[in-house]
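Visitor: I have a structure to look at and would like to go through it step by step. Could we begin with the ligand?
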Amino acid sequence: MKTRAAVLRDVGKDFEVVELDLDEPKAGEVLVRLEASGLCHSDDHLRTGDIPVRYPIVGGHEGAGVVEAVGLGVDRIKPGDHVVGSFLPVCGKCRFCARGMTNLCDLGRFLVDNSLPDGTFRYHEGATDFGQMCLLGTFSQYAVFSEASTVKIDDDVPFDVAALVGCGVPTGFGTAVHAGEVRPGDTTVIYGVGGVGIHAVQGAAFAGARYVIAVDPVAFKRDTALKMGASHVAASAEEAQELILQLTEGVGADQALITVGVVSEEVVSAAFDAIRKRGTVVITGLNGPQHKTVHISGSLLTLFEKRIQGALFGSSAPFDDIPRLLGLYKSGKLKLDELITTRYSLDQVNQGYEDMLAGRNIRGVIIHEH
Ligand SMILES: NC(=O)c1ccc[n+]([C@@H]2O[C@H](COP(=O)([O-])OP(=O)(O)OC[C@H]3O[C@@H](n4cnc5c(N)ncnc54)[C@H](O)[C@@H]3O)[C@@H](O)[C@H]2O)c1
Ligand SMILES: [Zn+2]
Ligand SMILES: [Zn+2]
């Protein structure tokens, strides 16, 4: 079948909307009619080269839609089911899955070439194979997902909200709750309040942090953070540091969570200085792998037993946390509708990223037309 999709042909090029051929689902795969797709910063890292992948590639890894067909052997999902794509596939059988660390599933190795887990591609333009960002490629009207990436959700969740729970929501929420282990009474500082960081704010508030300090240079982001559970905001790391020392009587924050768009040495150093003894810095934001962004005193790390923790998908378990977070949303305990700033058509994808980079969106979402 044919599908319209936003693709990147190389580093430094904008998204191009083209018509591609899409194969039928093979064994263990499903065909999804995508209804909505969030504009996560990570797809912009594909454009800048900060996430190294094989090109050409169909962008998008925050998507929700309806299953239209299933391949051989798929028994967990049937046509008509509403689903979210998990940006990390989960096989359930590898040693990391077996240990309950499903976000670190060995199928994650396919995120470099972005083929499906059998090593072949489903999107084509003539003889050229296109990969799928995070094995998904949700900037497309239709996609073939592996069953390992497909999470069934309740039919009554709006698609635009559901899409965000494929990446930004669990990544941010888990950065605070799982990786940061925020506990009641904690002081948590969050650097960068975009589509990921805003959920770290919600997660920290949810877990009972006494002080949630949101740091972002953009006033609109700080105002949103105050509505989503932040107790304090700061426009810079310096301003935040003063606030933290004052609020904790010189002790420091329990957690410093880094969810800025492009991680720098400055923000990591500021986060390291902001935490208390045995406090935790969680690094969720990315930068190109060639950039060494962690430059800290090893002695201070040792003497104060400080901890620096990376977090992928907020150290969440996709097949558990995606339905769990949507359950909180349905109960009115997690705010998601409020965080969709602008809706775009597929053809407006580059405008969406321009708006993200200009600080105009908490999250932009593509609404697909069929
Ligand atoms: N580890 C993971 O599993 C994972 C998953 C999804 C996204 N990410 C990464 O997380 C990062 C955030 O993604 P997003 O979609 O929320 O991006 P975004 O662009 O929506 O938000 C980034 C925010 O950081 C703010 N910011 C920039 N520099 C800052 C600074 N020095 N101090 C404080 N705030 C600053 C911006 O104003 C913006 O509000 C990206 O690097 C993305 O690739 C990681
Ligand atoms: Zn993402
Ligand atoms: Zn696995």
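Guide: Certainly. This is a predicted model, and in it an N or O atom in the side chain of D216 is 2.6 Å from an oxygen atom of ligand 1. On its own, ligand 1 has 870 Å² of accessible area, and the protein covers 87% of this.

Visitor: And what does H41 do there, how far is its polar side-chain atom from an oxygen atom of ligand 1?
Guide: The distance is 2.7 Å, from a polar side-chain atom of H41 to an oxygen atom of ligand 1. For V196 a backbone N or O atom is involved, and it lies 2.8 Å from an oxygen atom of the ligand.

Visitor: How many residues surround ligand 1?
Guide: There are 28, and the closest are H41, D216, G261, F313 and R363. By type, the shell consists of 14 nonpolar, eleven polar and three charged residues.

Visitor: Which helix gives the most to that shell?
Guide: Helix 1, residues 41-48, does so, with three residues.

Visitor: Changing topic: which strands form the closed barrel?
Guide: The barrel has five strands in the order 1-2-7-8-4, and their pairing is mixed.

Visitor: Do strands 1 and 2 run parallel or antiparallel?
Guide: They run antiparallel, and six bridges join strand 1 (residues 2-8) to strand 2 (residues 16-22). Within this pair, A5 stands opposite V18 of strand 2.

Visitor: Last one: which residues touch the most other members of the largest nonpolar core?
Guide: They are L20, L46, F139, I322, L334 and V349, in a core of 75 residues. Another core, of 23 residues, lies apart from it and includes L247, V268, A274 and I275.

Definitions and conventions. Residues are numbered from 1 along each chain as its sequence is written. Chains are lettered from A and ligands numbered from 1 in the order in which they are written. This is a predicted model: local features need pLDDT of at least 70, side-chain atom pairs count only at pLDDT 80 or more; totals for chains, interfaces and linings use all residues. Side-chain values use heavy atoms; hydrogens and water are left out. A nonpolar core is a set of buried Ala, Val, Leu, Ile, Met, Phe, Trp, Tyr and Cys residues joined through side-chain atoms within 4.5 Å. Buried means under 20% relative accessible area, exposed over 50%, partly exposed in between (1.4 Å probe, protein chains only). A residue is near a molecule or strand if one of its heavy atoms lies within 4 Å of it. A polar contact is a pair of N or O atoms within 3.5 Å; within protein, one must be able to donate a hydrogen and the other to accept it, and residues adjacent in sequence count only if both atoms are side-chain atoms. Accessible areas come from the Shrake-Rupley method with a 1.4 Å probe; for residues, only the protein chains shown count as cover. Helices (H or I, at least four residues) and strands (E, at least two) are DSSP runs, numbered from the N terminus. Ala, Val, Leu, Ile, Met, Phe, Trp, Tyr, Cys and Pro count as nonpolar, Asp, Glu, Lys and Arg as charged, and the others, Gly among them, as polar. Two strands pair if DSSP finds at least two bridges between them.
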